[in-house]
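Here are my notes from a first pass through the model, in no strict order. Have it open beside you while you read.

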Amino acid sequence: MILLGLNSSGLIHFGNYLSLIKPVFNYNLKKIFLADLHCFSKNISLLNILKNKILTIFSFLSFFNNIYYYQSFNKNILKLFWLILCFYNKNKTKFFHFFNKKKFFSLGKICYPFLMCSDIINNNNKFIFVGIDQIQHIEIYKKIKKKINFFLNTNLIKKCNFIINNKILYSFDKKKMSKSNKNDLFLFSNEKEISVFLKKFKNTNKKKKSILNFSLNILNNNYVIDLFFKNNNNFFINKIKNIIYNKFLPFKKKFFFYIKKINNVFKKINIFNIFNKNIINNNCNNYI
């Protein structure tokens, strides 16, 4: 069983598709973990968090009909989170990457990796799928696991196998596509929105961080290369926007179907939440 973790700070974009959905699309044994508590470390209103939470789960349901559950549904994750904080030295937090980028940040930002460690330990999953930007959090998890096991003189926290996806989708500003960079595009955008987004790319023949690189990562088709080099930029954009839109159209129809059947969907998700709550409770009883 592979665990896929995602926070609900924004809508699912093409970067999420490349890093989370596409690599495990044909793999049946998946659990989707929605880390909704992580959103509070960002400057997002509660109403937007709840809205994004609903739309995120519906977006994933369009691709996978697997087990879904929320981080906030089980409070034992927070209990273990406090225990982890007691095992970590504050002087080591200076190595966190956001210390170099921002002068002002909340304590929630500092504690973000520790809450992620609590998620990993609580779920007790054998395989966990993560992006390449989460490597530093994996290192923190390994250090905390080693320290707790040494302190308690037992192999209490079991080893997890991390599957790291090293693919990065670059946006029009030559930065990684992400919600925090505000350069993302909703996965189920209409043709006009896709066209406006593609026109923001600078016209260049360099593959990396170009419109060609973006198109190849999403479509993975040799036809895209021929289309790019044999036609002008406007023709290429018009053709690619149609291909991308039609590729995700069946999933978009499912997305709107789930919105119409919102009550039935949440009944199903609540059953999964109760089932996984019992599993996490059993794991937490070993630690707390």
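Which helix gives the most to the lining of the largest cavity? I'll start there and work outwards; bear in mind that this is a predicted model.

1. The helix in question is α10, residues 233-260, which puts five residues into that lining. The full set around the largest cavity is Leu187, Phe188, Ser189, Ile194, Ile244, Tyr245, Phe248, Leu249 and Lys252. Sorted by class, that makes seven nonpolar residues, one polar and one charged. The space inside comes to about 40 Å³, and the count of cavities of 30 Å³ or more is three.

2. Some general bookkeeping. The protein chain has eleven helices and five strands. It runs to 288 residues, 48% of which count as buried. Take the contacts between residues at least 6 apart in sequence: 76% of them join residues at least 24 apart. The accessible surface is about 15,800 Å², with 56% of it belonging to carbon and sulfur atoms.

3. Now the packing. The largest nonpolar core holds 46 residues, and Phe14, Phe63, Leu187, Leu198, Phe214 and Phe248 have the most contacts inside it. At least two residues each come from β1 (2-6), α1, β2 (30-34), α2 (46-61), α7, α8 (211-219), α9 (222-230) and α10. The largest share is again from α10, at nine residues. Another core lies apart from this one; it has 25 residues, including Ala35, Leu37, Met116 and Phe162.

4. Leu187 deserves a click. It is in the cavity lining and also among the residues with the most contacts inside the largest core. Leaving out residues up to four places away in sequence, Leu187 touches Ile12, His13, Phe14, Tyr17, Ile21, Phe63 and Phe248. Of these partners, Phe248 is a lining residue of the cavity too.

5. Is helix α1 buried or exposed? Eight of its eight residues (14-21) are buried, so the helix is largely enclosed by the rest of the structure. The residues are Phe14, Gly15, Asn16, Tyr17, Leu18, Ser19, Leu20 and Ile21. Three of the names on that list, Phe14, Tyr17 and Ile21, turn up among the contacts of Leu187. As a reminder, an α-helix has 3.6 residues a turn, so residues three or four places apart point the same way.

6. Two lysines I'd look at for their backbone. Lys174 has a phi near 65 degrees, positive despite not being a glycine, and Lys182 likewise has a positive phi, of about 55 degrees. Lys174 sits in the loop between β5 (161-165) and α7 (191-198), and Lys182 is found in the loop between β5 and α7 as well. How exposed are they? Lys174 counts as partly exposed because its relative accessibility is 48%, whereas Lys182, at 74%, counts as exposed.

7. Last, Leu85, in helix α3 (residues 76-85). With a relative accessible area of 24%, this leucine is partly exposed; the cut-off for buried is under 20%. Setting aside neighbours within four places in sequence, Leu85 is in contact with Cys111 and Phe114. Leu85 and Ile144 are 59 residues apart in sequence, with a C-alpha to C-alpha distance of 9.4 Å.

Methods:
Residues are numbered from 1 along each chain as its sequence is written. This is a predicted model: local features need pLDDT of at least 70, side-chain atom pairs count only at pLDDT 80 or more; totals for chains, interfaces and linings use all residues. Side-chain values use heavy atoms; hydrogens and water are left out. Buried means under 20% relative accessible area, exposed over 50%, partly exposed in between (1.4 Å probe, protein chains only). Helices (H or I, at least four residues) and strands (E, at least two) are DSSP runs, numbered from the N terminus. On a 1 Å grid over the protein atoms alone, a cavity is a set of points where a 1.4 Å probe fits but cannot get out, and a pocket is an open set with protein on both sides within 12 Å along at least five of seven lines; lining residues have an atom within 4 Å of a point. Grid points are joined across faces, edges and corners, and a volume is the space filled by probe spheres set on the points. Ala, Val, Leu, Ile, Met, Phe, Trp, Tyr, Cys and Pro count as nonpolar, Asp, Glu, Lys and Arg as charged, and the others, Gly among them, as polar. Contact means heavy atoms within 4.5 Å. Accessible areas come from the Shrake-Rupley method with a 1.4 Å probe; for residues, only the protein chains shown count as cover. A nonpolar core is a set of buried Ala, Val, Leu, Ile, Met, Phe, Trp, Tyr and Cys residues joined through side-chain atoms within 4.5 Å.
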